[in-house]
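Reader: I have a new model open and want to learn how to read it. Can we go through it feature by feature?

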Amino acid sequence: YKTLCQVILIVIALVLSIFVYVKYFHKNENLENIQTKNVTLEDKQDLSSGNTVKEILYESFDNNGNKYIIRSDSGTFNNEKKEEILMTNVRAKISFNNGTVMNLKSEKAKYNTVNNDTYFFNSVELKYLSHLINSNNIDILFEMNKLEAYNDLVYRNPEIRLLADKVEFDLLTKNTKIFMFDDSKVKIINN
């Protein structure tokens with residue numbers, strides 16, 4: 001009986017050893033069957049420039065649990081600053097941890113892949129709750145938890161329309177400042 005137990009334990013040890021060897025150490029012959037992509041002449045030209053990408057999507061979370069998604073039809077990496085991408089036809093979404101959502105879109109944006117700071121420009125539109133902002137520039141500065149909209153700025157909500165030089169939005173407190181660069185007054189128009 002004792003010898004039978006020893007034989008069974010040795011067989012189990014051998015089977016486990018063979019299994020571990022095959023699973024982790026044995027060179028798999030099926031690696032030769034990996035599919036390779038055929039590279040056309042057009043692909044080679046795109047690869048030679050090495051800095052344009054189509055259909056970009058970045059997703060990240062900040063320290064407060066807010067989710068940031070930015071996508072674009074295409075983007076070009078900056079050769080001097082490798083972390084920057086110049087995007088075209090851009091759409092972005094910030095899903096705040098309280099359940100509210102902010103949507104942005106623009107013709108172009110400069111996106112930093114390291115800190116997520118994004119500089120939207122050319123026909124920028126922002127929608128947040130019942131608020132709508134149109135401007136030439138909107139900057140989202142995540143390290144400062146701030147959004148800034150400026151240049152040909154028009155702010156709308158169901159009650160009013162404002163013409164101002166700049167809007168600052170605190171991403172943490174959701175407080176907003178609307179002001180002019182000079183001493184003139186913000187123009188308020190009732191809807």
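Reader: Start with one residue. Why does N122 count as partly exposed?

Author: First, a caution: this is a predicted model. Now the case. N122 has a relative accessibility of 34%. Partly exposed covers the range between 20% and 50%, so N122 counts as partly exposed.

Reader: Where is N122, and what is the sign of its phi?

Author: General idea first. Most residues other than glycine have a negative phi. In this case, N122 has a positive phi of about 70°, although it is not a glycine. N122 sits in strand β5.

Reader: Where does K174 lie, and what is its phi?

Author: K174 is not a glycine either, and its phi is positive, about 70°. K174 lies in the loop between β8 and β9, the latter being residues 176-179. With 21% relative accessibility, K174 counts as partly exposed. The cut-off for buried is under 20%.

Reader: Back to the whole chain. How many helices and strands are there?

Author: Two helices and 10 strands. Along the sequence the order is α-α-β-β-β-β-β-β-β-β-β-β. Of the 191 residues, 30% are buried. Among contacts with a separation of 6 or more, 33% link residues 24 or more positions apart.

Reader: What is the mean pLDDT?

Author: The mean pLDDT is 82, and 85% of the residues reach 70 or more. Over residues 27-50, the pLDDT is below 50. That stretch has four contacts in the model beyond near neighbours in sequence. Where pLDDT is low, the predicted coordinates should not be read in detail.

Reader: On to strand pairing. In which sense do β1 and β2 run?

Author: Look at the bridges. Strand β1, residues 52-61, runs antiparallel to strand β2, residues 67-77, and nine bridges join them. One register point: I56 is opposite S72 in β2. The two strands form a hairpin with five residues between them. In that turn, G65 has a positive phi of about 90°.

Reader: How many bridges pair β4 with β5?

Author: Eight bridges, in the antiparallel sense. Strand β4 covers residues 101-112, and strand β5 covers residues 118-128. To fix the register, take A109: its bridge partner in β5 is F120. Five residues separate β4 and β5 in their hairpin. N116 in the turn has a positive phi of about 70°.

Reader: Which strand do nine bridges join to β5?

Author: Strand β6, residues 131-141, which runs antiparallel to β5. The bridge partner of T118 in β6 is I140. β5 and β6 form a hairpin with two residues between them.

Reader: What does L129 look like, buried or exposed?

Author: L129 is exposed, with a relative accessible area of 61%. L129 is found in the loop between β5 and β6, and its phi is positive, about 50°. Leaving out residues up to four places away in sequence, L129 touches T100 and V101. The C-alpha atoms of L129 and T100 are 7.3 Å apart, though 29 residues separate them in sequence.

Reader: Which residues is K108 in contact with, leaving aside neighbours within four places?

Author: A contact list shows what surrounds a residue. K108 is in contact with M87, T88, V90, Y119, F120, F121 and N122, once those neighbours are left aside. K108 is in strand β4. At 28% relative accessibility, K108 counts as partly exposed. Its C-alpha atom is 9.2 Å from that of G75, 33 residues away along the chain.

Reader: Where is E159, and why does E159 count as exposed?

Author: E159 is in the loop between β7 (146-156) and β8 (160-170). Its relative accessibility is 53%. The cut-off for exposed is over 50%, so E159 counts as exposed. The C-alpha atoms of E159 and I189 are separated by 8.8 Å, with their positions 30 residues apart along the chain.

Reader: Last feature: pockets. What is the volume of the largest pocket?

Author: About 190 Å³. Read the lining next. It includes S60, F61, D62, N63 and N64. Y68, V114, N115 and N116 are also among the lining residues, as are F142, E143 and N145. By class, the lining has four nonpolar, six polar and two charged residues. N116 is also the turn residue with the positive phi in the β4 and β5 hairpin.

Note on methods. Residues are numbered from 1 along each chain as its sequence is written. This is a predicted model: local features need pLDDT of at least 70, side-chain atom pairs count only at pLDDT 80 or more; totals for chains, interfaces and linings use all residues. Side-chain values use heavy atoms; hydrogens and water are left out. On a 1 Å grid over the protein atoms alone, a cavity is a set of points where a 1.4 Å probe fits but cannot get out, and a pocket is an open set with protein on both sides within 12 Å along at least five of seven lines; lining residues have an atom within 4 Å of a point. Grid points are joined across faces, edges and corners, and a volume is the space filled by probe spheres set on the points. Ala, Val, Leu, Ile, Met, Phe, Trp, Tyr, Cys and Pro count as nonpolar, Asp, Glu, Lys and Arg as charged, and the others, Gly among them, as polar. pLDDT is the predictor's confidence in each residue, from 0 to 100. Contact means heavy atoms within 4.5 Å. Two strands pair if DSSP finds at least two bridges between them. Helices (H or I, at least four residues) and strands (E, at least two) are DSSP runs, numbered from the N terminus. Buried means under 20% relative accessible area, exposed over 50%, partly exposed in between (1.4 Å probe, protein chains only).
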